Each structure stands twice: as structure tokens, then as C-alpha cells.
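This report describes how two chains meet and how selected helices pack. The structure is shown first, and the description follows.

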Amino acid sequence: MRTVLKIAWRSIWRNRRRTLISMSAVGLGLLLVIVYSGIMAGVFGEAKEQLDNIGMGHVEITAAGWRARHLAEQNIPSPAALVARLDLPPRSDVGWRVVTRALLSSARASEGVELEGVDWAREAALSAHVRDVRSGRRPNTDDRGGILIGDTLAERLQVRVGSKVRVMAQRADGEIGAELYRVRGIFHSLSPTIAGHRVLVGASSAQTLVGVGEVAHQVVIQLDRAADADRVASRLRAELGPRYQVLSYGDLLPMLRNIERFSDAVVWIAAIFVYGLVGLGILNTMLMSVMERTREFGVLRAIGTRPGRVVTQVLGESFWIATLAGAAGLLAGLAVTWYGSEHALLTIGGGEALEYAGTVLRSGVKTRVSLGAAFEAAILVYVMALVTALYPARKVARMPPARALRST
Amino acid sequence: MPVIEVEHVTKDYVEKGQVTARALRGVDLTIESGEFMAIAGPSGSGKTTLLNLIGALDTATSGTIRVEGREIGGLSQAELSDLRRDRIGFVFQAYNLIPVLTAAENAEYVMELKGLAAADRQRRIAGLFDRMGIKELMETRPLKMSGGQQQRVAVARAIVSEPAIVLADEPTANLDQATGRSLVGLMRELNRERGITFVFSTHDPMVLDQADRVVRLVDGQVNSDERKAGSTI
């Protein structure tokens with residue numbers, strides 16, 4: 001095998017220009033696939049970031065019927081106990097919320113808002129806006145009088161950190177509940193809806209406000225891999241029974257799931273075209289290289305080389321071209337994708353963010369580096385190089401030596 | 001003992017179902033072990049075709065060819081490759097060395113195919129190249145050698161694995177007379193020293209003069225078969 005690879009290595013440099021052109025085509029093709037899939041993954045790919053931007057889970061559990069009417073009494077009793085018995089994949093984040101519609105009043109104005117009562121530490125892992133407090137800070141766990149509000153809402157209500165606000169909401173017993181809060185922090189959200197209409201308080205404070213015990217309305221789960229969402233939701237549905245409704249983000253935002261599937265299909269179609277072109281490039285190079293050396297292969301056969309070794313010899317040349325070009329394309333592809341993950345390569349629309357399919361995207365598109373996807377692409381280039389070289393290899397190996405020796 | 005037996009062999013070249021040339025028409029020939037013989041004849045007489053058939057590089061349309069008593073007609077491509085590797089050496093008109101390998105690597109390639117150990121390969125190459133006066137060319141690639149040097153390396157490649165037969169197709173055609181004479185002289189010495197059978201296809205009078213036996217082909221048939229007086233075989 002060493003001799004085969006040695007001859008193959010020396011042979012590819014006999015026509016240096018042709019080899020370099022062929023390698024460039026292979027390397028560029030691989031670079032394109034890696035960068036393009038990095039862009040698509042950055043825009044649509046894993047739903048984690050988009051869901052994080054709107055505080056939504058890959059899987060959400062509610063009491064059956066809650067989504068239709070949002071009644072305080074349609075709740076999940078002892079959410080901590082429920083979460084403790086959920087068998088979730090490693091590296092999942094999970095939290096629960098008390099959710100109600102409320103009227104928020106400052107000294108200057110009133111606004112209808114969506115109030116969430118949360119466990120602050122858990123919520124920070126689930127919602128980008130809870131981590132992005134631009135003024136003040138997140139309330140402490142035992143801070144029953146603290147409230148966090150969006151920057152757009154704060155502007156409309158003309159409140160600042162330290163301002164007092166009053167919240168009114170319907171209680172489970174049909175009465176109106178009211179509480180006074182002090183603004184501890186003002187957050188920023190990419191979603192105008194969240195920035196303008198959402199407020200957060202501690203879970204126990206929200207439970208008091210709506211007159212319920214240790215309950216929640218939503219259990220929110222974010223998974224490490226968005227692709228697991230449907231499988232996990234299906235399993236939890238079976239485990240929890242009809243008292244609960246378990247939905248994946250694909251059930252909640254079918255448009256997002258469809259766009260993800262579409263983008264995957266687009267990446268694959270583009271990859272097939274690129275690999276096809278790479279394959280044709282290699283085929284052309286190997287055919288030319290082999291055909292113009294038919295006599296040489298005839299000599300190899302004449303002095304006792306078996307046809308199988310001739311095939312290996314030609315595949316060896318393709319192997320070297322794919323190795324060098326693949327390594328260069330892989331490194332260049334990863335470098336460009338890494339650069340694109342640090343600096344936005346392109347911008348969609350104007351402003352800071354773009355709302356689409358129920359989620360929010362940053363308008364500056366950053367790529368997502370995936371070593372796995374990049375190596376997968378490189379391996380496909382290898383396979384393509386070896387498969388396409390099989391044709392000229394077999395053609396020359398099957399030729400009777402006397403005929404090969406007659407060729408000029 | 002016959003090393004090659006050719007019986008009633010014909011060879012037609014066929015293209016798209018049509019016979020385009022009838023190269024051999026019922027050739028019978030027996031070559032004994034250790035012969036130094038030539039197949040002569042004008043261009044198109046079938047010399048190279050006969051050499052290709054004897055060397056298992058091509059298949060006969062009809063008839064039987066035996067190499068060292070083994071009929072080669074029914075052998076697979078892999079078996080034919082092994083036969084050539086183990087028993088037959090080739091020297092071509094255009095030298096046909098592998099251009100990306102040095103002279104030593106060209107000779108070593110055949111021995112590697114046979115599975116000889118590296119130390120044994122190196123020992124044989126050093127001895128043979130020294131014997132043939134081309135030791136200084138061992139690390140040189142073919143394109144940097146003269147025609148005569150290349151053909152000497154080609155002869156070294158043909159005999160280094162100690163085949164029973166060396167088939168040489170017009171080996172002197174591209175060489176000047178002095179170089180050609182020296183090369184044939186070298187092959188003659190190897191024939192005598194090692195008992196290797198040499199079969200030339202040629203119309204070079206110098207080679208015909210050196211050969212112990214000359215078989216003349218005309219229009220694909222044996223026209224004459226002459227042994228020189230004093231030939232030992």
C-alpha cells in the first residue's frame with residue numbers, strides 16, 4: 001500500500017496545474033457547503049436561540065384546556081414535584097411560570113400586560129430578556145415586592161428603576177387581586193411584544209396575586225437538541241396522561257418547524273449540486289489523467305500488477321486530491337464560518353431584530369459553527385472522490401494489457 | 001524442455017463485430033528453455049502480436065499456448081498477472097519505465113509485487129545494477145536518462161525477479177547501433193549466465209545476427225525457422 005500511495009502521490013504532481021485546479025474546485029465546493037450550512041444553521045437552524053428570545057420552550061406542559069381560556073384555576077399543582085419526576089435528556093433547562101393577564105398602572109398611565117410569576121434562576125436559563133437587564137437588576141428569590149418590566153413598557157408608563165407600580169389581576173375565586181410592586185429592573189427584548197407587554201415577578205408573589213396555592217400554569221423545557229422536541233413531548237404526553245397538555249414548539253409554532261424543514265431541504269439540495277459538481281470535476285481530472293497514461297497502466301499490468309491493484313492505484317490518486325483539497329476546504333470553511341459566528345456576514349431587513357413565524361431573529365445573521373456538520377461534509381467529499389474515480393479506475397484496469405500498451 | 005508451446009494459434013482483431021485484421025494464421029512454435037532467439041519479419045507480419053500472446057498480454061482467437069507446460073487460455077486476469085509477475089519479463093521498444101519512480105524503484109516494484117522482503121530486494125538491485133554498469137543511475141528518474149540507459153534499466157527490471165522468459169519487443173529500435181549492440185551483448189551474457197530464455201521481436205540485423213535461432217513471420221504465418229550452426233539448443 002505504501003508503494004501504491006507513493007506512486008499516486010508523485011503521479012498527481014505530474015500535471016501540477018491540472019491537479020491544483022481540480023483541488024481548488026473540490027476545496028471551494030467543500031468551503032461553500034460548510035459556509036452555506038453554517039449560514040442556514042445561523043438563520044433557521046437550531047430553534048434554541050429563537051425560542052430563547054421569546055422565552056418559549058421546546059416542550060411546554062400546561063393543564064388541559066388552559067391554552068384556550070387561560071383561567072387561573074386551570075393549573076399544574078406542585079410544579080416542583082412534577083418537574084422532579086420528569087425524565088429529561090441531559091443538559092435540559094426547565095422552569096415553571098404562573099401566567100395571568102393583568103393591568104399595570106404607574107403614576108402616569110396604565111397598560112394591559114402579561115404577567116409571569118417565575119423562579120428567577122430557572123427563568124434566566126429559559127429567557128434571553130431575563131438575562132438582558134439593562135437598568136437595575138433582577139429581583140432576588142425572596143423579593144416578593146420586586147417587578148421586572150420591558151424597556152418599551154417602562155417608557156410608555158414613564159417608570160424607572162425604583163418606581164412604584166400597581167398590578168391588578170383576576171383571582172381564581174372571581175375577585176380582583178391587586179398588589180403594589182417596585183420596579184427592580186428594566187430588561188431589553190428583541191421581541192417588541194415582550195418589551196412592550198411583559199412583566200415578571202416572583203412565583204410566590206404571583207400565586208398570592210391570583211389567589212392560588214403552590215401551582216403553575218406552564219412548565220417550560222428547553223432541550224439541548226431541538227430535534228429531540230417531538231420525541232420528548234410524545235413521551236411526556238404518555239407519561240402524564242390526559243390531565244395535562246404537552247406540546248412541542250413544532251406544535252405551537254408549526255410555521256417555524258416547516259421553515260426549519262424547508263431550510264434543511266435547501267441545504268441538502270444545494271449540497272447535492274455542489275457534491276455533484278465536485279464529483280464531475282474529479283471524474284474529469286481522473287479520466288484525463290488515466291486516459292493519457294493508459295500505456296503506463298498497460299506496462300504495470302504487463303509486469304504483473306493485478307487489475308485490483310491498478311484500481312487501488314487510481315483511487316490512491318483521487319485519495320490524495322481529496323485529502324489535500326478536503327483539508328484545505330475544511331479549514332477554510334471552518335475559518336470563514338467561525339469568522340461569521342463572531343461578525344455578522346449579512347443583514348436581513350433593518351433594525352435590531354426580525355419577527356418571523358412567531359419567533360424573533362437578530363437581523364445581523366451570524367453563522368453557526370458545527371464541527372460535526374463540517375466533518376460530515378468533508379467525508380462526503382471523500383466518498384464522492386473515491387466513487388467517481390472508480391469509473392476511470394475500473395475502465396483502465398479491465399483493459400487488456402496489449403491494448404493498453406498500444407495506446408499513445 | 002519446451003518453455004513455450006504455440007499450437008495452431010490464430011489472432012483476429014475485431015472491431016464492432018467485424019474482423020479488421022487477421023494478425024496470426026495458425027502459428028506453431030516451440031521455444032526451448034535457455035534459447036536466445038528472434039522472431040523476425042516485416043511490419044505487420046504479426047511479430048508483436050505473437051509476443052503479446054506468448055506473454056499473456058492478449059488472448060488468442062483460437063489455438064493453444066502453453067508457458068512452462070501450463071495452458072494459459074483458461075486463466076483469469078489475476079492468474080495471468082501472477083504468471084507474468086513470476087515467470088515472464090518484458091522489455092519494450094519505448095523502454096516504458098514508470099516515470100515517477102527512480103531506476104531502482106522501477107526494478108524494485110516487480111519484486112515487491114512478488115512479496116520479496118525489502119532487504120532481499122535491495123541486495124538484488126545493488127548486485128544487478130552493479131553487474132549491468134548502471135549503479136550510478138539507481139536514484140535517477142527515467143526522464144533524466146538517455147535511451148540506452150533507460151533500456152538497460154528496463155532489462156534490469158525484466159530480469160531482476162529471475163523470470164524463466166524475457167520477451168523483448170524491438171528493444172534496439174530506438175537506440176543507436178553501438179548502444180543497441182552493447183545492450184544485446186548484455187542480454188546475451190545474462191542468457192548464458194542465468195539460463196534465461198530471451199525471445200526478441202525485431203528486424204534489426206544486428207539482433208538477428210546475435211540470435212541462435214530466427215523464426216520469420218510473413219502475413220501471420222511462420223515462413224522459416226532457422227537455427228544457427230553451433231547453437232547448443
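Contact here means that heavy atoms lie within 4.5 Å. The model is a predicted one.

**The interface of chains A and B**

On the contact criterion, 23 residues of chain A touch 26 residues of chain B. The area buried between the two chains is about 2,300 Å², and carbon and sulfur atoms account for 57% of it. Of the area that chain B buries against chain A, 24% is supplied by B:Leu57, B:Val100 and B:Tyr109, more than by any other three residues.

Polar interactions also link the chains. There are 4 salt bridges between chain B and chain A. In one salt bridge, the side chain of A:Lys6 pairs with that of B:Glu105, with an N to O distance of 3.3 Å. In addition, 12 residue pairs across the interface are in polar contact, with both residues at pLDDT 80 or more.

On the side of chain B that touches chain A, helix 2 (77-87) and helix 3 of chain B each supply at least two residues. Helix 2 of chain B gives the largest share, 6 residues. By class, this side of chain B consists of 13 nonpolar, 5 polar and 8 charged residues.

**Two helix crossings**

One crossing joins the two chains, and the other lies within chain A. Their axis geometry is set out below.

| Helix pair | Axes come within | Crossing angle |
|---|---|---|
| Helix 1 (residues 2-12) of chain A and helix 3 (residues 103-114) of chain B | 12 Å | roughly 145 degrees |
| Helix 2 (residues 16-43) of chain A and helix 16 (residues 371-398) of chain A | 10 Å | roughly 150 degrees |

The crossing of helix 1 of chain A and helix 3 of chain B is left-handed. Helix 1 of chain A contributes A:Thr3, A:Lys6, A:Ile7 and A:Arg10 to the contact, while helix 3 of chain B contributes B:Glu105, B:Tyr109 and B:Glu112. These residues divide into 2 nonpolar, 1 polar and 4 charged. The salt bridge of B:Glu105 and A:Lys6 thus involves two residues named in this helix contact, and B:Tyr109 of the same contact is also one of the three residues that supply 24% of the area chain B buries.

Helix 2 and helix 16 of chain A cross in the right-handed sense. Here A:Val26, A:Leu30, A:Val33 and A:Ile34 of helix 2 meet A:Ala374, A:Ala377, A:Ala378 and A:Val381 of helix 16. This contact has 8 nonpolar residues, with no polar and no charged ones.

Conventions: Residues numbered from 1 in each chain as written. Chains lettered and ligands numbered in written order. Predicted model: local features only at pLDDT ≥ 70, side-chain atom pairs only at ≥ 80, totals over all residues. Heavy atoms only, no water. Axes fitted to C-alpha atoms, helices over the stretch in contact; angles between N-to-C directions. Helix = DSSP H or I, 4+ residues; strand = E, 2+ residues; numbered from the N terminus. Left-handed = near helix turned anticlockwise from the far one by under 90°. Nonpolar A, V, L, I, M, F, W, Y, C, P; charged D, E, K, R; others polar. Buried area = accessible area lost by both parts, 1.4 Å probe. Polar contact = N/O pair within 3.5 Å; in protein donor to acceptor, adjacent residues only side chain to side chain.
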